[in-house]
Each structure stands twice: as structure tokens, then as C-alpha cells.
Amino acid sequence: MGEHRQRYSEQFKQETVKFAQEQQQKKTMTEIAEDLKIPLSCLHDWMSKYREFENEPVAAEERNQKLEQQLREKEQELKAKDRKIKQTEEELAIVKKAVHIFSRPKP
């Protein structure tokens with residue numbers, strides 16, 4: 001015998017996605033799917049199709065601050081690496097000059 005497949009209306013899917021977006025700060029997608037008694041794969045499919053970012057709550061201020069701090073740290077790391085590259089390029093230029101000078105044949 002064939003398995004009975006549940007059919008969901010477009011309105012139900014859209015409302016489910018909106019609900020899931022509102023709950024994402026509090027629950028995982030698996031928990032949301034279990035609460036609504038729908039397959040997780042359906043929820044993922046609906047999210048990719050009906051997701052509207054304006055329905056998602058603004059990230060918590062704490063999360064924003066953490067991300068901004070990470071960004072500042074990465075920018076500092078990048079600047080340090082740029083300085084190291086510049087220093088290494090200068091050292092390489094000096095070594096090239098020295099090699100050129102000392103590799104000349106002696107008269």
C-alpha cells in the first residue's frame with residue numbers, strides 16, 4: 001500500500017516559514033519541525049522558497065557586538081599580516097641587491 005502524503009496549502013507554508021523565522025533565536029530548525037509535526041526537509045524546502053528577511057528578528061545587540069569585535073580583530077590581523085608582507089618584501093629586495101653585488105665577477 002502507498003504511503004499517505006500530507007498536503008499543505010501555500011498559506012500554511014508561508015505562515016510556517018514566518019513562524020520559524022521568528023523562533024530561530026530560541027529554537028533549532030529540528031525543534032521547530034518537531035513542534036509543528038512536519039518533516040524537517042519540508043521546513044528547509046519551504047524556508048528556501050518563502051523566506052523573507054524582513055520577518056526575521058533583529059539580531060540581539062550582544063550578537064552584533066560580538067560580530068563587530070570579531071571584525072575588528074580580523075582587521076587587526078590583516079593589517080599585521082600586511083605589515084609582515086611589506087617587511088618581507090623589503091628584506092627580499094635587500095637580499096636580491098646583495099646577491100647581485102656579490103655575484104659580480106671579480107676583476
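## Reading helices, core and loop in a predicted model

Biologist: Lys13 is placed in helix 1. This is a predicted model. What makes Lys13 buried or exposed here?

Modeller: The relative accessible area of Lys13 is 17%. The word buried applies under 20%, so Lys13 is called buried.

Biologist: Which residues does Lys13 contact, leaving aside its neighbours within four places in sequence?

Modeller: Lys13 is then in contact with Tyr8, Trp46 and Tyr50. Tyr50, with residues up to four places away not counted, touches Glu10, Lys13, Gln14 and Val17.

Biologist: Why is helix 1 described as parallel or perpendicular to helix 3?

Modeller: Their axes come within 9 Å and cross at roughly 90°. Angles from 65 to 115 degrees count as roughly perpendicular, and helix 1 is therefore roughly perpendicular to helix 3.

Biologist: Which residues make that contact?

Modeller: Helix 1 contributes Glu10, Phe12, Lys13, Gln14, Thr16, Val17, Ala20 and Gln21, while helix 3 contributes Leu43, Trp46, Met47, Lys49 and Tyr50. Sorted by class, the contact of helix 1 with helix 3 has seven nonpolar, three polar and three charged residues.

Biologist: How do you know whether helix 2 and helix 3 are roughly parallel or perpendicular?

Modeller: The axes of helix 2, residues 29-36, and helix 3, residues 40-50, cross at roughly 110° and come within 9 Å. The upper limit for roughly perpendicular is 115 degrees, so helix 2 and helix 3 are roughly perpendicular to each other.

Biologist: Is the crossing of helix 2 and helix 3 left-handed or right-handed, and which residues meet there?

Modeller: The crossing is right-handed. Met29, Thr30, Ile32 and Ala33 of helix 2 meet Leu40, Leu43, His44 and Met47 of helix 3. In this contact of helix 2 with helix 3, six residues are nonpolar, two are polar and none is charged.

Biologist: What makes up the largest nonpolar core?

Modeller: The largest nonpolar core has ten residues: Val17, Ala20, Met29, Ile32, Ala33, Ile38, Leu43, Trp46, Met47 and Tyr50. Helix 1, helix 2 and helix 3 each supply at least two residues of this core. Helix 3 gives the most, with four residues. In soluble globular proteins, nonpolar side chains tend to be buried together.

Biologist: What is notable about the phi of Lys37, and where is this residue placed?

Modeller: Lys37 has a positive phi of about 55° although it is not a glycine. Most residues other than glycine have a negative phi. Lys37 lies in the loop between helix 2 and helix 3.

Biologist: Why is Lys37 called buried or exposed?

Modeller: The relative accessible area of Lys37 is 70%. Exposed means over 50%, and Lys37 is therefore exposed.

Biologist: How many helices and strands does the whole chain have, and what share of its residues is buried?

Modeller: The chain has four helices and zero strands, and its pattern along the sequence is α-α-α-α. Of its 107 residues, 13% count as buried. Among contacts between residues at least 6 apart in sequence, 62% join residues at least 24 apart.

Key:
Residues numbered from 1 in each chain as written. Predicted model: local features only at pLDDT ≥ 70, side-chain atom pairs only at ≥ 80, totals over all residues. Heavy atoms only, no water. Axes fitted to C-alpha atoms, helices over the stretch in contact; angles between N-to-C directions. Parallel < 35°, antiparallel > 145°, perpendicular 65-115°, else oblique. Left-handed = near helix turned anticlockwise from the far one by under 90°. Contact = heavy atoms within 4.5 Å. Nonpolar A, V, L, I, M, F, W, Y, C, P; charged D, E, K, R; others polar. Core = buried A, V, L, I, M, F, W, Y, C linked by side-chain atoms within 4.5 Å. Buried < 20%, exposed > 50% of the residue type's maximum accessible area, 1.4 Å probe, protein only.
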